[in-house]
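Q: Hey, can you walk me through this protein? I'm new to reading structures, so plain words please.

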Amino acid sequence: MLDVLNPADPAFARDPYPYYARLRAAAPVARVPLANGTHAWLVTGYDEARSVLADPRFSNVPPRAAGRPRPDSPDRRARACLERHMLNSDAPDHLRLRRLTTAAFTPRRVDALRPRIEELTDGLLAQLSGRLAREGRADLVDDFAFPLPVLVIAEVLGVPEADRDELREWTYRVGSPADALEPGAVQEAWTSLHAYFTGLIAEKRRRPGDDLFSVLARDARDSGDEAGAQDGGLDDGELLAMAFLLLFAGYETTMNLLGSASLMLLTHPAELAAARAGGPAHWEAVAEETLRHGSPLEGSTWRRTTEPVALGDGVTIPAEEPVLVMLAAANRDPARFPDPDAFRPARHLPGGTRPAPHLAFGHGPHFCLGARLARLEAAVALPRLFAALPGITLDADPATLPYRPGLLVRGPRALPVRSG
């Protein structure tokens with residue numbers, strides 16, 4: 001009998017991999033009992049995960065059994081609006097919504113951000129160095145891994161810097177299980193996010209700039225609710241959902257990547273020394289191995305079967321069943337990654353025996369739009385961090401670090417360090 005999965009358990013959040021390993025060994029596709037009394041199909045095998053992520057029979061429209069609030073509540077209406085984004089849609093709507101933002105994340109546009117990312121990184125490191133000099137301690141998540149991607153995506157999207165702390169708190173809540181937080185915290189976050197983005201879009205229409213939100217708001221303003229979808233633009237509800245998704249996805253993945261990579265290097269001094277001696281290719285390998293070993297996206301968005309689907313070793317998932325691809329589990333499948341629980345950046349160095357492509361950014365039509373930007377920020381930030389602060393050490397037992405609960409995103413919530 002399968003163990004009950006409780007995503008709100010701090011011990012599970014800190015280290016879910018033993019559970020995933022047991023589950024994958026029993027069955028790479030399994031119907032799992034959840035702590036809230038429901039069941040869901042979890043996909044933990046690499047081959048099965050790639051198959052599901054590319055199979056149109058698995059709809060991205062959220063399953064009804066995914067723990068939604070009551071339909072008549074204000075937070076339900078706010079959540080329903082903000083969840084109309086492209087990750088929760090199928091073709092042709094998904095293609096239309098994705099096309100509207102692709103131009104902002106082309107390789108040329110992303111690579112052109114490097115000088116600004118370098119400038120922002122150096123500014124944050126100067127502040128971090130000052131705090132370490134004054135206090136002897138700092139938190140790499142609060143002081144570096146969080147503010148850097150927020151500053152970057154805020155400039156791309158046009159989000160005021162002063163709002164970042166509130167937005168971080170609200171997005172943390174909506175990405176966590178409700179039973180891991182204070183009563184009403186998730187509901188309040190949904191209504192606050194809806195009100196915030198409603199006001200931000202109105203401001204962009206009054207005072208447009210050259211940022212992405214201004215462009216999207218201008219185009220949606222001229223289209224109207226119904227005509228927007230018909231003409232290929234955004235209706236007002238889709239505009240709010242797009243704003244929420246781009247901000248949430250724009251910093252959460254990169255924050256977790258930077259935090260997890262820093263933790264791995266601080267606890268693997270030989271790998272840190274190799275990266276320092278090896279140059280850009282080694283730092284890129286550190287980022288890729290972190291994406292595999294400590295997937296910042298623990299799971300994909302929820303899917304549901306539109307018809308019975310045979311998957312894996314004689315397993316058939318019935319129609320209208322909730323399905324969750326565990327990217328973190330698939331990226332440690334021993335059938336595809338030798339010694340999967342070891343942190344070995346050398347796997348990804350040029351000339352070596354390359355492992356299977358990791359699934360940290362998904363696979364198929366919903367592959368993460370911001371993958372190149374996340375990689376660029378890591379390539380800039382990590383070597384600068386450890387060059388500016390060569391003597392920092394971890395100031396906590398790694399086994400006690402807090403991680404955010406849930407099955408969506410994963411990374412340390414705090415990373416205390418002290419000066420050397």
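**Helices, cavities and odd spots**

A: Sure, let's begin with a pair of helices: α16 passes α18 in a right-handed crossing. One thing to keep in mind is that this is a predicted model.

Q: Ok, which residues of α16 and α18 make that contact?

A: From α16 you get W283, V286, A287, E288 and L291, and from α18 there are R375, A378, L382, P383 and F386. Sorted by class, that contact has eight nonpolar residues, no polar ones and two charged ones.

Q: And at what angle do the axes of α16 and α18 cross?

A: Roughly 115°, and the axes come within 9 Å. If you want to find them, α16 covers residues 280–293 and α18 covers residues 371–388.

Q: What about α14 and α18, at what angle do they pack?

A: About 35°, with the axes 10 Å apart. The crossing of α14 past α18 is right-handed.

Q: Which residues meet there?

A: On the α14 side they are T254, L257, L258, A261, S262, L265 and L266. On the α18 side they are A374, E377, A378, A381, L382, L385 and F386. The classes come out as 11 nonpolar, two polar and one charged.

Q: Let me zoom out. How many helices and strands are there?

A: The protein has 18 helices and 10 strands.

Q: How far does the C-alpha trace span along its principal axes?

A: About 60 × 60 × 45 Å.

Q: What does the radius of gyration say next to a compact globule?

A: A compact globule of 420 residues would have a radius of gyration near 22 Å, and this protein has 21 Å, so the two agree.

Q: New topic: holes. How would anyone find empty space in there?

A: You roll a probe the size of a water molecule over the atoms, and that shows where empty space is left.

Q: So how many cavities of 30 Å³ or more does the structure hold?

A: Two. The largest has a volume of about 40 Å³, and the second largest is about 30 Å³.

Q: Which residues line the largest cavity?

A: The lining is V150, A154, V159, P160, R164, L167, L247 and Y251. Elements giving two or more residues to that lining are α9 (147–157), α10 (164–174) and α14 (236–267).

Q: How do those lining residues divide by class?

A: Seven are nonpolar, none are polar and one is charged.

Q: And what lines the second largest cavity?

A: That lining is made of M255, N256, R404, G411, P412 and R413. By class, it has two nonpolar, two polar and two charged residues.

Q: Last topic: backbone oddities. What's the usual pattern?

A: Most residues other than glycine have a negative phi, and most peptide bonds are trans.

Q: Where is there a cis peptide bond here?

A: Between A91 and P92, with omega at about 5°. P92 sits in the loop between α4 (74–82) and α5 (93–102).

Q: And which residue has a positive phi although it's not a glycine?

A: E320, with a phi of about 60°. You'll find E320 in the loop between β7 (315–317) and β8 (322–325).

Notes: Residues are numbered from 1 along each chain as its sequence is written. This is a predicted model: local features need pLDDT of at least 70, side-chain atom pairs count only at pLDDT 80 or more; totals for chains, interfaces and linings use all residues. Side-chain values use heavy atoms; hydrogens and water are left out. On a 1 Å grid over the protein atoms alone, a cavity is a set of points where a 1.4 Å probe fits but cannot get out, and a pocket is an open set with protein on both sides within 12 Å along at least five of seven lines; lining residues have an atom within 4 Å of a point. Grid points are joined across faces, edges and corners, and a volume is the space filled by probe spheres set on the points. Helices (H or I, at least four residues) and strands (E, at least two) are DSSP runs, numbered from the N terminus. Ala, Val, Leu, Ile, Met, Phe, Trp, Tyr, Cys and Pro count as nonpolar, Asp, Glu, Lys and Arg as charged, and the others, Gly among them, as polar. Axes are lines fitted to C-alpha atoms, for helices over the stretch in contact, and angles run from 0 to 180 degrees between N-to-C directions. A crossing is left-handed if the near helix is turned anticlockwise from the far one by less than a right angle, and right-handed if clockwise. Contact means heavy atoms within 4.5 Å. The radius of gyration is taken over C-alpha atoms; the globule rule is 2.2 Å times the number of residues to the power 0.38.
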